[in-house]
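Notebook open, coffee ready. Today I'm looking up how the strands and helices sit together.

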Amino acid sequence: MRVLLIGANGYLGRFVADRLLADPAVQLTALGRGDDSDVRFDLASGSPGALTRFLDAVHPGVVINCAGATRGGARDLTRHNTVAVATICEALRRSGCGARLVQLGCGAEYGPSQPGSSTAEDAVPRPGGPYGVSKLAATELVLGSGLDAVVLRVFSPAGPGTPAGSPLGRLAEAMRRAMQAGDGELKLGGLGVQRDFVDVRDVARAVHAASLSAAQGVVNIGAGRAVRLRDAAAVLARVAGYGGALHELDQVPVRASIGHPRGESEHGLPAAAAYPYPDGCGSWQQADVRTARDRLGWRPRINLEESLADIWMEAACRI
């Protein structure tokens, strides 16, 4: 099976590439903006015609798009998340390769949801920020393209390589600094937010499964369980061996079950810093993942503690 992977050097793309390369039946070609890509091409500025000529030459059976931007203004997000996908769809329509498209969407397309609820694929999307809007527009382009296509709405990816700007990445960095400085108290904000964290390696498995399936439309990819950042911080502290207190800003201080404070410090995250980039998803998000189970035969395998241990391992190397 010939697979064209777009965005192989990104956070998700690297793990998708590893997963596909482990499959002896896959012949992988990576397309991206970096020098280490097999083919250099900028989707935000390149023409559909140029991409069509490449598709006709390589003739992939599957095109996987992991490329995109999570930060920047509305203009940049639209270029990299929406215009780029329009280029892919138009090129595939013009090409004679007949490739299947696997597009990576995100949970931010749904926007805020009711606490305690699980968001299914038939929920009406109401993104709360420009990032979610740009990704939702891309999803609509894919669904309306007439192509053999599936959109995987990935909720909150975690695990090795987690970006420093994500909630868990910021927690790990704040804890690393506190331990390095010998601080006995870590002050954090935004810990009441609850997100559905799914390991990036499980996401890669879902992409692989989707490329082999006949599933179309939208499929949620998550753990199916919302976790409060406060609880994730306590697990991360235990994994890291941090024995101090977790002090939640703007709320009554709470002591972590993992130990007692050794002193006072202002070290930690400002109240707004524990939010990802901002995702516009409010205080709660939890995926209904039954469609992934039924149509892809996929279930998450890696628990959050293992994901956090891998995040901490990378953070600890910077001590």
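I started with strand β1 (residues 2–6) and strand β4 (residues 62–65), which pair in the parallel sense over 4 bridges. Strands and helices here are DSSP runs numbered from the N terminus: E and at least two residues for a strand, H or I and at least four for a helix. Two strands pair if DSSP finds at least two bridges between them. Looking along β1, I found L4 opposite V63 in β4.

A note on the source: this is a predicted model, where local features need pLDDT of at least 70, side-chain atom pairs count only at pLDDT 80 or more, and totals for chains, interfaces and linings use all residues. Residues are numbered from 1 along each chain as its sequence is written, and side-chain values use heavy atoms, with hydrogens and water left out.

Next I zoomed out to the sheet. It's open, with 7 strands in the order β3-β2-β1-β4-β5-β6-β11 and parallel pairing. β3 (39–40) and β11 (217–221) are the edges with a single partner strand each, so one side of each has no neighbour in the sheet.

Then I checked what lies across it. Helix α3 (residues 74–94) lies across β1, β4 and β5 (100–106), at about 165° to β5. Helix α6 (residues 200–212) lies across β4, β5, β6 (149–154) and β11, at about 150° to β5. Contact means heavy atoms within 4.5 Å; axes are lines fitted to C-alpha atoms, for helices over the stretch in contact, and angles run from 0 to 180 degrees between N-to-C directions.
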